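Biologist: Could you take me closely through one part of this protein and then show me how it connects to its surroundings? I am new to structures, so please explain the terms as you go.

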Amino acid sequence: MKTDASLAVKSVLEDGLGVRVGMEGGELALRPVGEGAIRVRFSRGEIREKLNLVFTEKVAISQFTVWEDESTVNIKNAKLQASVERASGAVTFWDSKGKLLLKEKAGTRVLEASTVMEEPCYRVGQGFESPADERLFGLGQFQDGYLNVRDLPRRLTQVNTQIAIPFVISSKGYGLLWHNYGRTEFNPADRKVELSAVEAQGETVRVDVTSAEGTTKEVRTEQEFVGMFSVERAGRYALMLDVGQKMARRHEVEIDGKGVVDIQNYWLPPTASWLMDLEAGEHRVKVTGEAKDRPAIYFRASKDETVFESPVAEALDYVVIAGEKTDEIVATYRELTGSAPMMPEWAYGFIHCRERFRSQQDILENAAEFRKRKLPMDVIVQDWQYWGKYGWNAMQFDETHYPDPAGLVRALHEMNVRLMVSVWSKVAVTSDVGKEMTARGYYLKDTTWIDFFNPEAAGFYWKNFSERLVSLGIDAWWQDATEPENDDLDGRMTHVGIGNRVQNVYPLLVTKTVYEGLRKDEPEKRVFVLTRSAYLGQQRYAAATWSGDIGNDWETLRRQIPAGLNFVVTGQPYWTTDCGGFFRPGAAGGAGQFEDEGYRERLVRWFEYATFCPMQRIHGYQTNTEPWRYGEQVEGIVRRYLELRYRLLPYIYSTAWQVTNAGSTMMRPLVMDFAGDEEAVDQTYEFMFGPGILVSPVVEAGKKEWEVYLPKCDGGWVDFWTGEKLAGGQKVKCAAGVERIPLHVRAGAIVPMGEVQQFASEKRNGAIELRVYPGADGKFVIYEDEGTNYNYEKGKFAEIAVEWKDLTRTLVIGERRGEFAGMVRERVFNIVVVKKERGVGIDPA
């Protein structure tokens, strides 16, 4: 794009909210929000936004200073300065110390009038300079396997297994929130080659798949597509496959006979992106997909630029956030969009799920078996179709198989087990609720999805939800398919206008309805919502998200790690996967996975990884998922990692408090703690769990050893399993038999561990083992509260600050501060200064 003279500055007005800069092409408004953020909005006509769904009402304009000179117009708050260049209108951002953070690329601003479904709107876009050594993280959850998304083309849409959140964090010390609720193109590739189907078709198969109507059989025929494209010069290129359907069945791409993308699942997102080197000249591309695909490849040369474009908008709108550390950026993001409330204490334990329990008795028998076998567990989940004869999501249990749902809840509670139930954002029109929805006009046209943009529709949905289900005493809620499934807002009208304008924000409205309804109708009970999609600000509604209906192979497992890390770095702290994969080998018959040694190994490795996700959960399609069904070895390893998870609950729960109270993040890509270590920042399959534990999942078959990069840090690292001290800034080979995930603890870390227990609150009065990892100074704050209510919001909680002074080998346990009902008056600490073969592994020292 060329520099546009219409973007040159013509006028400047300070208006008490910030500064407004006039140009021929529109007006640029810069608003300081919070101490470390500035919102930029470029629009024509009225500058007031029509729809604000993301930012909280508490967002305040911070103190700021405006000044001008010959070449720039400037605005500054406590931590961030923005300068508008008079000649080009481009904005540059600096931190409080004068360090350059981010710069718009002059001439790339776009605000073009457009029309979609006869509704006027704008097509907007903005390019930003991106130096070659920058790393970018975020955008939500994608299945392409990339952690660093710099230069990568991505289409931000909501579909099963893909979550679009237009927010990135840079290794350079800034966050960039693209404030648009519709489809967004990130680093779009502007050249396109459409592919042609070859004459012969491949194998045709019938498969059982999930859909918005339940389990369905789908006939799928393999098809190859080919095409040619050329590039003028050799170098790095960015490419994206678009299969031409709303969901893909396969991503398999060959270029010049070499495979570059290969991932299969029953459901996949419609696009897949990658970066690769190409020689100058012509290239032959082959895509293997499904016969109904209409694939195209988009491509462009790599460039030092980050671009956001949205085809439907009322203005160009984004926020830049400054922070010396990534935690500061995330904390400011949550100041703008809402803090993440504490989950119930039991939500941080193990969540057991399968597709599906088929009766009340089935649930009770399996819960009892967990207790009998001493397998710790807190939550058991009833997936879909419990509504039976009453119709899809009728918000009613079919008494044929669930004769007494309230009694089911009571019986589980007697075993100290909580019940989560799946409730969808769509309702069958034939159900009692659906008939009333139809009469009131509360559906999105030609669908069975509820129009949550209509407050009356959302209110009526909640009224039925509360009266029919909440009244039974159910503990937690699974809001499935909240995208809504398969991008179903595209081309539809909503209560607030065309669905394309709000295409990505639907899950936020669903979780808002449920959270606010529960806070009103059950004010003494903490909310826990599990949902398949998310958007900016959704963390404020006690929402945890999982990665959708994924496959079960090693490649899928590998891809979940960067998918989860890029999700949580957008400020959404609670995420998990279907441990073992949703679609499993032999799932339809229910036997293959139990006998397959390869799958058993994969399941164990997945479970080890899941132990260190914010939520630990197992799930699987058309199959039973209980650990004992896989044999004694698998059950034994699973038991050990459940015991480790439950021993770590004091550490996990205290870390969760930092998420709520200080805007922190539990599962942390290494950029959050080691931004100055390029080798660490580039690790795709390692992450920090809380402030002290480095997790390095094994994601390949048959491994006895695993290479781990230990980031540079004061005092180095301690092997969790052996107590061996290791220097940072190096790669090490670790023992990694099938029973061991490589874990290292940062020098100076203090890790409180409880006793082995069968549910989260069983031994709240038990002794805490304080493991101290010497080599550097360290601090940790142990947090406690009542665990199930919101009294912590009223100050009813307690903290104990613990500090390790390495030079004098002194541990200081501070006074307990605060009080709450039921608080343990005397707390026993067993203190262990870890060294080789002491204070190691899962068992108490």
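Modeller: Let's start with strand β4, residues 37-43: 7 of its 7 residues are buried, so the strand is largely enclosed by the rest of the structure. Buried here means under 20% relative accessible area, with exposed being over 50% and partly exposed in between, using a 1.4 Å probe and protein chains only. Strands are DSSP runs of E with at least two residues, helices are runs of H or I with at least four, and both are numbered from the N terminus.

Before we go on, keep in mind that this is a predicted model, in which local features need pLDDT of at least 70 and side-chain atom pairs count only at pLDDT 80 or more, while totals for chains, interfaces and linings use all residues. Residues are numbered from 1 along each chain as its sequence is written, and side-chain values use heavy atoms, with hydrogens and water left out.

Now look at the two faces of β4. A37, R39, R41 and S43 point one way, I38, V40 and F42 point the other way, and all of these residues are buried.

Next come the neighbours in the sheet. Strands of a sheet pair through backbone hydrogen bonds, either parallel or antiparallel. Two strands count as paired if DSSP finds at least two bridges between them. Strand β3, residues 26-32, runs antiparallel to β4 and is joined to it by 6 bridges. One place to find this pairing is E27, which stands opposite S43 of β4. Between β3 and β4 the hairpin has 4 residues, and in this hairpin G34 takes a positive phi near 70°. β4 also pairs with strand β27, residues 316-322, again antiparallel and with 6 bridges. Here V40 has Y318 of β27 as its bridge partner.

From these strands we can step across to a helix. T332 sits in helix α1, which covers residues 326-337. With a relative accessible area of 8%, T332 is buried. Setting aside neighbours within four places in sequence, T332 is in contact with G36, A37 and I321, where contact means heavy atoms within 4.5 Å. Of these contacts, A37 belongs to β4, and I321 falls within the residue range of β27.

Helix α1 also leads us to the open spaces of the model. The search uses a 1 Å grid over the protein atoms alone: a cavity is a set of points where a 1.4 Å probe fits but cannot get out, a pocket is an open set with protein on both sides within 12 Å along at least five of seven lines, and lining residues have an atom within 4 Å of a point. Grid points are joined across faces, edges and corners, and a volume is the space filled by probe spheres set on the points.

The largest pocket has a volume of about 1100 Å³. It is lined by 47 residues, and K325, D327, R668, D673 and R746 are the closest to its centre. The elements that give two or more residues to this lining are α1, α11 (649-662), β46 (750-753) and β48 (778-784). By class, the lining of the largest pocket has 17 nonpolar, 15 polar and 15 charged residues. In this sorting Ala, Val, Leu, Ile, Met, Phe, Trp, Tyr, Cys and Pro are nonpolar, Asp, Glu, Lys and Arg are charged, and the others, Gly among them, are polar.

The second largest pocket holds about 690 Å³ of space. Its lining has 26 residues, with T56, K58, G338, S339 and R540 nearest the centre. Helix α1 appears here again: α1 and α6 (506-521) are the elements that give two or more residues to this lining. The most comes from α6, with 6 residues. This lining divides into 12 nonpolar, 5 polar and 9 charged residues.

Finally, zoom out to the whole chain. The protein has 12 helices and 51 strands, and 65% of its 845 residues count as buried. Among contacts with a separation of 6 or more, 71% are between residues 24 or more positions apart. The C-alpha trace spans about 75 × 70 × 55 Å along its principal axes.
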